[in-house]
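Please study the sequence and the three-dimensional structure shown below. The paragraphs that follow lead from one feature to the next, and each term is explained where it is introduced.

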Amino acid sequence: MTPTHIKWLHKTGEVIKTADGAVVEIWELNHEEDPAVLSAWAKHFRQHYCLDEELADLVSGTGKSNSEYLTGIKFPSGKVGSGPATRSGDFGEILVADYIEYILGYWCPREHRYENRINANVSDNGTDVVGFRFDGEKPSPKDELFVVESKAGLRPTKENRLQTAVNDSAKDRLREAMTLSALKKRLLRKNRESALKVERFQNEADRPFTRWSGAVAVLDVETAATMELDKTEVSDHPNKENLKLVVIKGISMMDLVHALYERAANEA
């Protein structure tokens, strides 16, 4: 089922060109004060860190309420250290995962990705978002692996976050095997069938497939307005012929992020 907040994500039809002529799609996140949609979104968000059916057992013995446990242990801090940056990064990754799953139609498993952090304020290593598309029951060269780097810019910054996403995407081939292995291991805990679907992409020599790369910048509109996105360069990307470039913009994005975390904790 497609989450209701996806209706707020719109393709504008606007594009910009990079310094070397690549096309960047512009999308907008037009979020509203709709309590029902925000509550559903907050629940969807919360499940990435802690499944609701496991929450009671996890909280048991801690002396904390559900909200206190989520805020103090599972979620990145909204104020301390690198917590706010990790919050914005996680928000961007989850939004991009939603985009490639519910709009582009890839299978995008996220099981346990954020659950097992020792330090909630420190992001995980590896590729940000991975999507899969299958041509049929058996491995096919038309199967698609979509490896995406997401970079958030929700506060003022001089850094071109799209360029950073492109640069990190260029390194993904080196991290791909590690990422797929970690994802397969996480899936094996509960769903062997899904884990074996990942296996189709672990030996390209024997099971060739089509590889797509993605670089996405998730930006506040005020940050985007001062960011020189048209100076982005992709010529050195090893998969530049199959590289998708996207910018997602929204108003008051960091306020939205904090509100989602707060709602996700308070409504658990």
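Strand 1 and strand 2 form a hairpin with 5 residues between them, and Gly21 in the turn has a positive phi of about 90°. The model is predicted: local features need pLDDT of at least 70, side-chain atom pairs count only at pLDDT 80 or more, and totals for chains, interfaces and linings use all residues. Residues are numbered from 1 along each chain as its sequence is written, and side-chain values use heavy atoms, with hydrogens and water left out. Helices (H or I, at least four residues) and strands (E, at least two) are DSSP runs, numbered from the N terminus.

The two arms of the hairpin, strand 1 and strand 2, pair in the antiparallel sense over 6 bridges; two strands pair if DSSP finds at least two bridges between them. Leu9 stands opposite Leu29 in strand 2, and Lys17 stands opposite Val23 in strand 2. Strand 2 also pairs with strand 6, in the parallel sense and again over 6 bridges. Across that pairing, Trp27 stands opposite Ile248 in strand 6. Strand 2 is mostly covered, with 5 of its 7 residues buried; buried means under 20% relative accessible area, exposed over 50%, and partly exposed in between (1.4 Å probe, protein chains only).

These strands belong to an open sheet of 6 strands, whose order is 1-2-6-5-4-3 and whose pairing is mixed. Strand 1 (9-17) and strand 3 (129-133) stand at the edges, each with a single partner strand, so one side of each is left without a neighbour in the sheet. From one strand to the next, the twist averages 25°; axes are lines fitted to C-alpha atoms, for helices over the stretch in contact, and angles run from 0 to 180 degrees between N-to-C directions. At the edge formed by strand 3, the pairing with strand 4 (residues 144-153) is antiparallel and covers 5 bridges. Here Val130 stands opposite Val147 in strand 4. In a regular strand the side chains alternate between the two faces of the sheet.

Which strands does helix 4 lie across? Helix 4 lies across strand 1, strand 2 (23-29), strand 3, strand 4, strand 5 (210-220) and strand 6 (243-250), and runs at about 145° to strand 4. Helix 9 (residues 253-266) packs on the sheet as well, touching strand 2, strand 5 and strand 6, and its direction makes about 100° with that of strand 5. Contact means heavy atoms within 4.5 Å.

Helix 4 (residues 83-103) has 21 residues and reaches 29 Å from its first C-alpha to its last, close to the 30 Å expected at 1.5 Å a residue. The expected span of a helix is 1.5 Å times one less than its number of residues. Of the 21 residues of helix 4, 16 are buried, so this helix is largely enclosed by the rest of the structure. Just after helix 4, Gly105 takes a positive phi of about 90°.

Attention now turns to helix 1 and its surroundings. Arg46 is found in helix 1 (residues 35-46) and is buried, with a relative accessible area of 4%. The side chain of Arg46 reaches the backbone oxygen of Ala264 at 2.8 Å. That is a polar contact (a pair of N or O atoms within 3.5 Å; within protein, one must be able to donate a hydrogen and the other to accept it, and residues adjacent in sequence count only if both atoms are side-chain atoms). Leaving aside neighbours within four places in sequence, the residues in contact with Arg46 include Asp52, Leu70 and Phe75.

The structure also holds 17 aromatic pairs. The rings of Phe45 and Tyr261 have their centres 5.0 Å apart and their planes at 85°, so the pair is edge-to-face. This pair links distant parts of the chain, with Phe45 in helix 1 and Tyr261 in helix 9, 216 residues apart. Rings of Phe, Tyr and Trp (its six-membered ring) pair if their centres lie within 6.5 Å; planes under 30 degrees apart count as stacked, over 60 as edge-to-face and the rest as tilted. Both Phe45 and Tyr261 are buried. Ring pairs link Phe45 and Tyr261 into a cluster whose members also include Trp8, Trp41 and Phe91.
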